[in-house]
Amino acid sequence: MRLSPPDLRTLLWIVLLFNAMGCIQSIRCKPKCFRESIVVLEVNSSIDSNPTSIDESSNVVLRYRTPHFRASARVLVPPMAGKETWTVGWIQACNHMEFYNKYGTKGMSSWELPDLRDGKIQAISDSDGVNYPWYGNTTETCTIVGPTKKDTKFTVSMNDNFYPSVTWGVPVSDSNMPQLSSIRRDQSFTTWLMAINQATAETLVLQTIRWRMQLHIEVDPDKPLGQRAMLREPVAQEQPHILGKNEPIPPNAMVKPNANDAQALMWRPKTGEAVVVIPPKY
């Protein structure tokens with residue numbers, strides 16, 4: 001039986017359709033790579049509503065404790081076919097820091113990050129100083145080792161706050177006479193939910209959060225201990241921003257030094273040259 005031209009065309013279309021379906025099926029069956037398959041199911045971030053607490057129990061230092069910044073994410077990693085190891089977790093960097101303690105007409109002390117202050121870098125790692133580049137290595141990270149046969153679901157979380165001590169007396173003086181008159185602090189951070197391949201160092205930004213902590217404490221050094229300090233605005237902190245578009249992570253956020261090791265305590269008198277009270281550790 002001979003096929004007419006229309007029948008030949010129909011047969012050709014059927015053959016092409018079956019070939020196309022086969023290609024589509026082969027694409028669907030091919031396992032996705034980690035970068036394409038990982039899913040962030042949920043991200044939450046907040047700063048606690050409680051105000052900064054002030055502790056005047058010591059006659060040497062004033063202590064204060066700010067509310068906590070918190071971030072958590074639920075993540076899904078589908079089955080991994082290959083022998084690869086990925087760590088997913090939180091990395092944080094400080095973008096801006098102002099931390100001034102004024103002592104009346106004498107001057108002020110300030111914690112400073114010299115390279116950040118001078119504009120040499122845009123951010124500095126806020127790692128715990130041990131598990132670079134991660135903020136920590138308990139609830140903050142999760143490691144997935146392939147191959148895996150089923151979905152892996154997990155939660156990674158972190159929190160951060162300030163709990164420093166500020167001397168009542170001028171830090172470069174032998175006298176502990178109370179002269180502290182105010183404390184001001186304004187710091188900004190970027191926090192990334194990241195995935196890093198342990199073998200290749202390939203990185204993947206999954207989520208970006210920006211947050212800020214501001215503080216103003218007014219101090220009357222002439223008042224009795226326990227009655228000197230008063231918290232001023234802002235009492236409640238601005239809530240973090242979970243960004244709709246991720247930001248790339250700068251190189252300094254991934255390596256040493258971290259902010260704690262890079263900071264210096266300066267004394268800046270009203271007149272005269274600045275003095276390094278505590279140099280950077282790094």
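Okay, let's start with a word we'll need: a residue is buried under 20% relative accessible area, exposed over 50%, and partly exposed in between. Take Cys-33 as a first try. Its relative accessibility is 40%, so Cys-33 counts as partly exposed. Cys-94 sits at 1%, so that one is buried. And before we go on, please keep in mind that this is a predicted model.

Since we're on cysteines, how many disulfides does a search of the whole structure find? The count is 0. As a reminder, a disulfide is a covalent bond between the sulfur atoms of two cysteines.

Now to the aromatic rings. Searching the whole structure turns up 5 aromatic pairs. Let me begin with Phe-34 and Trp-86. Their ring centres are 4.0 Å apart and the planes meet at 5°; planes under 30 degrees apart count as stacked, so this pair is stacked. What I like here is where the two partners come from. Phe-34 belongs to helix α2, residues 34–37, while Trp-86 is in strand β5, residues 85–103. That puts them 52 residues apart, so to speak linking distant parts of the chain. Are these two residues buried or exposed? Phe-34 has a relative accessible area of 3%, so it is buried. Trp-86 has 2%, so it is buried too.

The next pair is Phe-162 with Phe-189. Here the ring centres lie 6.2 Å apart and the planes are at 45°, so the pair is tilted. Again, distant parts of the chain are linked: Phe-162 is in the loop between β9 (152–160) and β10 (165–167), and Phe-189 is in strand β11, residues 182–197. In sequence they are 27 residues apart. Both Phe-162 and Phe-189 are buried. These two also belong to a cluster, in which ring pairs link Phe-69, Phe-162, Phe-189 and Trp-211.

Which residue puts its charged end over the ring of Phe-162? That's Arg-185, at 3.8 Å from the ring centre. There's another arginine to look for as well: Arg-228 lies over the face of Trp-168, 4.6 Å from the centre of the ring.

Let's move on to the sheets. One open sheet has 3 strands in the order β1-β4-β9, with antiparallel pairing. Its edge strands are β1 (39–47) and β9, each of which pairs on one side only. From one strand to the next, the twist averages 10°. If you want to follow one pairing in detail, go to β4, residues 69–77: this strand and β9 are joined in the antiparallel sense over 9 bridges. Leu-76, for example, stands opposite Lys-153 in β9.

There's another open sheet of 3 strands, in the order β2-β3-β10, and the pairing is antiparallel here as well. Its edges are β2 and β10, each pairing on one side only. In this sheet the twist averages 25° from one strand to the next.

Let's walk across it. Strand β2 (residues 53–55) and strand β3 (residues 61–65) run antiparallel and are joined by 3 bridges. A hairpin takes the chain from β2 to β3 through 5 residues. As for who faces whom, Ile-54 has Tyr-64 of β3 as its bridge partner, and Asp-55 stands opposite Arg-63 in β3. On the other side, β3 pairs with β10 over 3 bridges, in the antiparallel sense. Arg-63 turns up again there, opposite Ser-165 in β10.

One last stop is Thr-52. Where does Thr-52 lie? You'll find it in the loop between β1 and β2. Its relative accessible area is 8%, and the cut-off for buried is under 20%, so Thr-52 is buried. What is Thr-52 in contact with, leaving aside its neighbours within four places in sequence? The contacts are Tyr-64, Arg-65, Thr-66, Pro-67, Leu-215 and Leu-231. You've already met Tyr-64, as the bridge partner of Ile-54.

If you'd like to find your own way around afterwards, start from the stacked rings of Phe-34 and Trp-86, then look for the cluster with Phe-69, Phe-162, Phe-189 and Trp-211, and finish at Thr-52 in its loop between β1 and β2. That's my tour, thanks for listening.

Notes:
Residues numbered from 1 in each chain as written. Predicted model: local features only at pLDDT ≥ 70, side-chain atom pairs only at ≥ 80, totals over all residues. Heavy atoms only, no water. Phe/Tyr/Trp six-rings, centres within 6.5 Å; stacked < 30°, edge-to-face > 60°. Helix = DSSP H or I, 4+ residues; strand = E, 2+ residues; numbered from the N terminus. Buried < 20%, exposed > 50% of the residue type's maximum accessible area, 1.4 Å probe, protein only. Lys NZ or Arg CZ within 6 Å of the ring centre and 35° of its normal. Pairing = 2+ DSSP bridges. Axes fitted to C-alpha atoms, helices over the stretch in contact; angles between N-to-C directions. Contact = heavy atoms within 4.5 Å. Disulfide = S-S within 2.5 Å.
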